[in-house]
Structures are given as structure tokens and as C-alpha cells.
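Let's take a walk through this model, stopping at a helix, some cysteines and an aspartate. Have the sequence and the 3D view open side by side.

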Amino acid sequence: MKTKKTSYFKKSVIAFLTFPLMGITGSVLTSCADMLDTKSDMVGRVEDSKINTPEDSLNYVTGAIRCMQVIADRTLLLGELRADLMTPSVDATTAIQQMAANDFSAPNQYNNISDYYAVINNCNYFIENADTTLDRLGKKIFEKEYAVMKTYRAWTYLQLAKIYGKVPLVLKPLLTEKDALTATQQKYADINEICSYFIDDLKPYVDTEYPQYGQMGTDKFESPKFFIPVRVLLGEMCLWTGRYDEACSYFYNYLARKNQYVPTYTSKARWDVTNLDFTTASMVYSISLYSADASEIITFIPMENNEFYGIKSYIQNLFSSTETNYYHYQAGPSNALFDISKAQDYCYVDKVSETKKDTVYAPKTGFQHSYEAGDLRLSCFYHKRKLNQSENSEYSSDYQQITKMGKGNFIPLYRRQMIYLMFAEALNRAGYPESAFCILKYGLTNKNIEKYVSEDERTRAAAYLDFNDDIFDEYNTLGIHARGCGDVDCDTTYCIPASLSGEEETKYVEDLIITEMALEGAFEGYRFYDLMRIALRRNDPAYLAEPISRRAGEKDEATYSRLMDSHNWYLPIQ
């Protein structure tokens with residue numbers, strides 16, 4: 001008889017099953033106490049709860065990864081479908097439609113806070129019980145795993161704050177119903193309180209090395225990419241709390257660390273121009289998010305490639321036509337995303353001779369697909385066509401592919417280009433708009449900084465603007481906007497107007513950054529929170545409400561009115 005295989009992640013959940021955790025259930029919770037549910041079929045007890053062997057630490061880390069697999073899809077969906085860049089299809093489930101409408105008045109399968117607290121309780125248990133006094137050859141045995149679990153906990157709390165607004169800040173493992181009830185009765189913490197706590201909590205670990213477990217899982221993923229860089233998470237938390245100079249410091253020191261450099265690289269979408277009217281141009285691109293080992297991806301949640309082995313992502317099945325869904329995808333690009341992409345100018349420098357160059361802008365019409373106009377990143381990852389299906393076919397005639405997630409066996413959390421855009425956001429708000437714009441248009445090399453950033457700003461921002469000339473050069477560094485808009489350094493229309501200064505200039509550059517985040521990060525789960533962060537910063541709910549209300553093109557007054565009340569940005573704790 002054939003023996004059913006079990007994935008490495010599932011095997012390693014043994015530790016996760018050996019102590020009381022908040023239950024992982026598929027149902028919507030009915031009371032506040034349930035969100036910290038300790039009733040679970042997976043509850044067990046051990047007499048000696050101390051974690052004191054390397055095998056213990058490995059099991060608990062992979063147990064936490066298994067918990068994160070549970071929340072991976074919904075975290076992406078809640079950040080993407082509630083915003084303006086995607087819209088539900090006619091085949092979308094009620095739960096997806098309600099999510100897109102930001103309406104969680106009824107129970108919804110994607111509103112299950114206890115799954116997030118399962119990650120947290122797993123981390124709390126390890127942090128509480130790992131024997132940090134143990135050392136071998138002068139090195140703490142559990143130091144690396146300790147840092148991993150602290151970052152997982154902090155990242156999960158950041159997601160909770162973005163999704164629910166205010167939540168219990170639980171820092172001890174909950175082993176009984178009494179513990180859970182007590183936790184729910186404390187004052188709930190908002191995103192400022194949560195970020196402030198975890199910024200201090202994570203600071204000691206910025207230089208802690210992460211464990212090297214080699215290849216893991218059914219797809220043999222490289223384990224270092226399972227772990228969240230401490231400096232990146234600290235930088236993001238500083239962005240949310242308005243600590244912009246600190247954010248600049250964390251992002252810069254992550255990107256420009258000696259011997260651990262993180263350049264943008266130069267992958268981009270481009271026209272292989274064969275004539276200057278672009279009507280017969282073919283598109284060539286080298287952006288790669290299809291594989292988890294792609295250099296662009298810094299951190300991801302590994303998923304199983306088959307339900308047989310454990311928790312599989314369903315993002316691909318929701319966003320693309322597959323054999324499983326009979327081509328009936330549930331969400332696709334919105335009119336708003338098409339408009340944002342088309343509004344960009346693609347610039348091409350034509351070398352007429354050795355001494356003469358002409359700058360040409362691609363037209364906005366005349367392409368095989370209308371979504372090829374403007375920025376090319378959308379057409380790299382999105383394809384749609386009509387199929388001839390018989391009248392009685394169970395397959396849809398609308399065939400759509402959104403290929404960013406590749407095989408659907410991982411969910412990206414951080415990519416190097418999105419980290420650069422967060423760095424730009426921090427620089428801009430710290431008072432360095434020219435430096436921020438340099439990230440968008442030219443790329444941060446010392447040569448570009450000297451050429452395009454004023455001497456006054458270079459002096460003030462000197463701590464964040466020194467890049468190794470051997471690594472950060474034209475062969476490794478690219479302006480993020482150039483990933484979809486061609487020879488942007490020669491685009492005279494993409495600039496900061498000279499008439500702007502002070503707060504006007506800051507807001508103008510910030511708007512460019514948020515647009516770039518949409519172009520670069522579409523379909524990846526960032527958008528709702530990017531809009532939220534700026535709306536909170538400017539104390540302007542319309543910054544979020546306006547674009548989302550215009551998702552379909554025309555303004556939806558009911559949506560606008562609902563989202564002008566910031567309480568409606570957050571899911572209810574049910």
C-alpha cells in the first residue's frame with residue numbers, strides 16, 4: 001500500500017502541536033475571546049516545556065512558518081482587493097465581492113483573526129521558553145531562531161494593526177481560556193503603539209545572523225528567504241509611525257551594508273523597437289517573479305505545491321484562468337489600474353548616429369492590446385484573450401493570466417524594488433525629496449547623486465547617500481520607474497516642477513512614489529495599505545477613499561462615503 005508523503009513543513013509542526021495554541025479554524029469567530037481561542041484539536045501538553053535542543057528550535061521555527069502559510073493568501077487579498085487596482089469578476093464568490101466592497105458586516109471567511117494570533121502564540125511560546133543561556137563555543141545556540149521568531153511576531157502584529165486597527169498586544173503565550181479572556185480585556189493597541197513597541201523589541205537583533213537550514217519543503221526552497229530582514233521591518237514600522245530619519249537609516253543600512261549589498265539590478269520591460277511608430281514592436285522583458293529563487297525576492301512565505309502535502313496557495317486560482325477553475329477567475333485588473341499604467345510615458349532614445357540621439361515617446365494607441373500602452377510592467381504579468389467555447393462548455397471564454405506568482409508555491413513579502421520605494425518614501429518625508437526622486441528616475445549611485453541631488457541636500461542627507469562605486473553602478477542600478485517606462489533618465493516630462501518647494505514638493509514626490517508603488521507592486525497586496533499610510537499621514541481620508549471609489553472609472557458615491565469614515569478601513573473583530 002502506498003504511504004502518503006508528508007511535507008517537511010507538516011512534519012515540523014510537531015512542536016506546534018505539542019502545546020496549547022489559539023485554534024486554527026475555518027469558521028468566523030463569534031466573540032472577542034474566540035480570537036484568542038485555546039480550544040483546538042491540536043492542543044497537547046508536555047511536562048517539560050523548555051526548548052533546549054537545536055532540533056526543538058528548528059521545529060518551532062518551521063511550526064511558525066506553517067502558521068504563516070495559513071494567513072499568506074488572505075494577507076495578500078486583504079491588501080489588494082480592497083484597494084483600487086483590482087476588481088472582482090462576475091464569477092467572484094460572495095466573500096470576494098464583499099471584500100472588494102470593503103463590506104464586512106456579514107461573516108466572511110477571510111475575516112478570521114485567530115489565525116494571526118496562532119502565529120503570535122507560537123512565537124510567544126518559543127520566546128518565553130527557549131533556553132537563551134545555552135551556548136556552544138561561546139555562541140548562543142538559539143540566538144538566530146530567537147531573532148527569527150521575534151521578527152515573525154512583529155510582522156504579524158503589523159498586519160493585524162493594518163487589517164483591524166486596534167488589537168490586543170499579547171506578549172506571553174496563552175495556554176488557558178482564562179489567559180485568553182484576560183488578554184482580550186486589556187486596552188487594545190493601535191498601529192503606533194504596536195510599531196513603537198516592536199521597534200524597541202527588534203533593535204538588538206539588527207546584526208543577528210539568521211539560521212541556515214539549507215533547502216526545505218517539497219519545492220526545495222532556500223531557507224534564508226523564509227526570514228524577514230530586521231532592518232527592513234524596522235524601516236517599515238518607522239514609516240508608519242512618522243520616524244522618517246530612523247526609517248532612512250534602517251533602509252540605507254540594509255541596502256548598502258558592506259559585503260551584503262542590495263542593488264536594484266537592471267531587469268526591466270522594454271520595447272525592442274524595430275520602427276519608431278512602435279506599431280510592430282515586439283516586447284522583450286527580463287523581470288522575473290516566477291521563481292522563488294529570483295534575485296528580486298528578499299522574503300517569501302513558502303507554500304506547498306499540492307494540497308496532498310499541506311497548505312497550498314490559491315492566489316493563482318483566484319487571479320488566473322486554470323484547469324481547476326475552468327477558466328473562471330475571480331478578480332482582475334481594474335479600470336483604475338489600466339488608467340494609471342496608460343498615463344505613464346514610455347521614453348525611447350534613438351541613436352541616429354554616433355553623435356546624434358533623438359528622444360521618442362511611445363504612442364498610447366495602436367497596440368495589439370490596449371494595456372500595452374504606457375508603462376510596460378502591466379503587460380509583463382497580465383494577459384487576456386477571448387476563447388471560442390461551445391455554448392455548453394463549462395469553461396469560460398474569458399481567459400486571463402496574472403503570472404506574478406509563478407506556480408503559486410510562494411507568497412512574496414518583500415522585494416528589493418519595493419524596499420527601495422519605501423526608502424524613497426522615508427527620504428522624501430525626512431526632507432530629502434531630490435534623493436527620493438533619484439531612486440525613481442535614475443537609481444542611487446554616487447555618480448547620479450552628485451549629478452542630480454543638490455549640494456545642500458547631499459550635505460544634509462550624507463548619512464544615507466554613500467554607495468559603493470564597485471557595486472552600485474549603471475550595470476547594477478536602475479531607476480525604479482525605468483523598469484516599465486524605458487529611458488526615463490532622458491524623459492523631460494518626468495521631473496519635479498521647479499515651481500514647487502517645501503510641503504508642495506514633498507507631496508508631489510510622495511504622489512509619484514505611491515503611483516510607482518502601484519505600477520511596481522500591483523497584485524502583490526500592498527496597495528490598500530500604501531493609500532492608508534498616506535491618508536493617515538496627511539489626515540486626509542479622501543486620499544484612500546477617492547481612488548478606491550473610482551476603481552471602475554466612474555466615482556461610486558456610496559463607496560466614497562463609506563471610506564471617508566476611517567473606521568470602515570478596518571475589519572470588525574467578529
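Here is a short tour, starting with how to read the model.

This is a predicted model, so to speak of local features we need pLDDT of at least 70, side-chain atom pairs count only at pLDDT 80 or more, and totals for chains, interfaces and linings use all residues. Residues are numbered from 1 along each chain as its sequence is written, and side-chain values use heavy atoms, leaving out hydrogens and water.

Start with helix 6, residues 143-164. Helices here are DSSP runs of H or I, at least four residues, and strands are runs of E, at least two, numbered from the N terminus. The expected span is 1.5 Å times one less than the number of residues; for the 22 residues of helix 6 that gives 32 Å, and the end C-alpha atoms sit 31 Å apart, which agrees. Of those 22 residues, 20 are buried (under 20% relative accessible area, with exposed over 50% and partly exposed in between; 1.4 Å probe, protein chains only). Right after helix 6 comes Gly165, with a positive phi near 85°.

Now the cysteines. How many disulfides does the structure hold? Zero, counting a pair of cysteine sulfur atoms within 2.5 Å as one. The sulfur of Cys67 has its closest cysteine sulfur in Cys123, 7.8 Å away, so that is too far for a bond. Cys67 is buried, at 0% relative accessibility.

Finally, find Asp84 in the loop between helix 3 (54-80) and strand 1 (86-88). Asp84 counts as buried because its relative accessibility is 2%. Its side chain makes a polar contact with the side chain of Arg527 at 2.8 Å (N or O atoms within 3.5 Å; within protein, one must be able to donate a hydrogen and the other to accept it, and residues adjacent in sequence count only if both atoms are side-chain atoms).
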